[in-house]
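Trainee: I have a structure open in front of me and would like to learn how to read it. Could you walk me through some features?

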Amino acid sequence: MTSDTPKLDVITFGESMGLFYPEGPRGIGQGGSMAQSFGGAESNLAIGLARLGCTAGWFGRLGRDPVGTGILKTLRGEGVDVSRATQADEAPTGIMLRQTVRGQSSVYYYRKDSAASRMTPAHVDAEYIAQAKIVHFTGITAALSGSCLETIRHVVSLCKEHGVRISFDPNLRLKLWSIEEARPVLLELAASCDYFLPGYDECKLLFETEDEEVITEQLRKLPGMSIIKSFNGSNVIVHKEHTYSLPFEKVEQVVDTVGAGDGFCAGFLAGIAKGWSPEEALSLGGLTGSMVIQAPGDWEALPTWDEVLQRRGQAAHIER
C-alpha cells in the first residue's frame with residue numbers, strides 16, 4: 001500500500017448530479033429563478049458519515065464542467081476524501097431538475113451517457129478499496145450501465161479478497177430500469193454483502209410478495225445482515241434467526257423526506273464504523289434519518305455528531 005492511500009472508515013462510489021429547482025411556488029418552465037445544489041445517494045451518505053465524525057471517501061466520474069467541479073469542491077469542504085474521483089473530458093456531469101407543485105414532487109433526470117455512466121473497473125484503485133473498513137454502494141449505480149455493474153462486481157471481489165465489509169442499499173429507481181431487469185441484479189448484490197439496507201416497499205418488489213412472513217424468511221436466507229427501513233412503523237434487523245425491531249423516532253414536523261434513507265444509512269454505518277453493536281447502530285440510523293426529514297435539502301440537513309449528541313441528551317446546547 002502506497003503512503004498516499006488514506007485509511008478510511010467507509011468508502012462509497014456512484015453518480016452525483018447537479019440539482020436545479022425553482023425558487024418559490026412556480027414549477028419548472030413557468031418562469032422565475034432556479035436554485036442549484038447537487039445530489040446523489042452515495043455522496044449524500046459520504047457527507048453524512050463525515051459530519052458524524054467518521055472518515056469517509058467518495059469516488060465516481062464527473063464531467064470536467066462547472067457542475068462537476070462544484071460538486072468536488074463541496075464534498076472536499078465537507079471533509080469527504082475525493083482523491084480517487086475523476087473528471088471526464090468526453091462526457092458531462094448528470095443533471096436533475098426537481099419541483100414541488102401543490103404538494104406534489106417530481107424529478108426529471110438528464111443523465112444518459114453522463115460521465116458517471118461510463119465508469120469501468122479500470123477507474124477503481126484496488127489499494128484504496130483494500131484499506132477501508134466498509135465499502136458501500138447502491139443499486140442506482142448498477143442501473144446506469146453495464147460497465148457500472150461490472151465496476152460494482154469488481155469492487156465486491158476486491159472487498160472479498162481483502163476482508164472489507166460490504167454495505168448495499170438497493171435504492172430501487174424504476175425510472176432507470178424495470179423491476180424485471182432490476183430484480184435478479186439486486187438480489188445477486190444482496191447475497192454478496194454484509195449489510196443489506198432495503199426499504200420494506202423494495203422488499204415487496206424484490207421478493208414479489210406482500211406477505212411479511214415470506215419476506216422475513218427470504219431475508220433470513222441471505223448470508224449477511226438485513227436492515228429494513230420502514231417495516232410497520234419500525235426499523236428492523238433480520239439476520240438468520242435473530243430479529244430486532246426499533247420503532248421510529250418521533251418528530252414534531254416533517255419538512256422534506258428527500259435524503260431520509262441516506263441519512264438513516266449514514267447513521268447506521270457510522271455506528272458500525274465506531275464499533276457499536278448493530279442494534280445500537282440501528283438506533284443511531286433511526287435518529288439521523290428522523291433529523292434529516294425536519295429540514296429541506298438532499299444532504300444539507302444531515303446532522304453533525306454534536307447535533308446528534310444534543311438530541312441524545314449527552315451534550316448541552318449553548319445559544320449565544
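Trainee: Is the crossing of α1 and α9 left-handed or right-handed?

Mentor: Happy to help, and please keep in mind that this model is predicted. To judge the hand, look at which way the near helix is turned from the far one: clockwise, by less than a right angle, counts as right-handed. Here α1 and α9 cross in the right-handed way.

Trainee: At what angle do α1 and α9 pack?

Mentor: The angle is about 45 degrees, and the two axes lie 8 Å apart. The pair is therefore classed as oblique.

Trainee: Which residues of α1 and α9 meet?

Mentor: From α1 come Ala41, Asn44, Leu45, Gly48 and Leu49, and they meet Asp262, Cys265, Ala266, Leu269 and Ala270 of α9. Sorted by character, this contact has seven nonpolar residues, two polar and one charged.

Trainee: How do α9 and α10 pack?

Mentor: Again, start with the angle and then the separation. Helix α9 (residues 260-273) meets helix α10 (residues 278-292) at about 150 degrees, with axes 7 Å apart. Angles over 145 degrees count as roughly antiparallel, so α9 and α10 are roughly antiparallel. Their crossing is right-handed. Residues making the contact include Gly263, Phe264, Gly267 and Phe268 of α9, and Ala281, Leu282, Gly285 and Gly289 of α10. By character, the residues of this contact divide into 10 nonpolar, seven polar and no charged.

Trainee: What is the strand order of the open sheet?

Mentor: For a sheet, list the strands in order across it, then look for the edges. The eight strands run β4-β1-β9-β10-β11-β12-β13-β14, and the pairing is mixed. At the edges are β4 and β14, each of which pairs on one side only.

Trainee: Where can I see the mixed pairing for myself?

Mentor: Compare two pairs of strands. β11 and β12 run parallel and are joined by two bridges, with Tyr195 opposite Met225 of β12. β13 and β14, in turn, pair in the antiparallel sense over six bridges, and Asn235 stands opposite Leu246 of β14. In the hairpin of β13 and β14, two residues sit between the strands, and Lys240 has a positive phi near 55 degrees.

Trainee: Which strands does α1 lie across?

Mentor: Helix α1 lies across β1, β4 and β9, and runs at about 160 degrees to β4. Helix α8 also packs on the sheet, touching β11, β12, β13 and β14, with its direction at about 155 degrees to that of β12.

Notes
Residues numbered from 1 in each chain as written. Predicted model: local features only at pLDDT ≥ 70, side-chain atom pairs only at ≥ 80, totals over all residues. Heavy atoms only, no water. Pairing = 2+ DSSP bridges. Helix = DSSP H or I, 4+ residues; strand = E, 2+ residues; numbered from the N terminus. Axes fitted to C-alpha atoms, helices over the stretch in contact; angles between N-to-C directions. Parallel < 35°, antiparallel > 145°, perpendicular 65-115°, else oblique. Contact = heavy atoms within 4.5 Å. Nonpolar A, V, L, I, M, F, W, Y, C, P; charged D, E, K, R; others polar.
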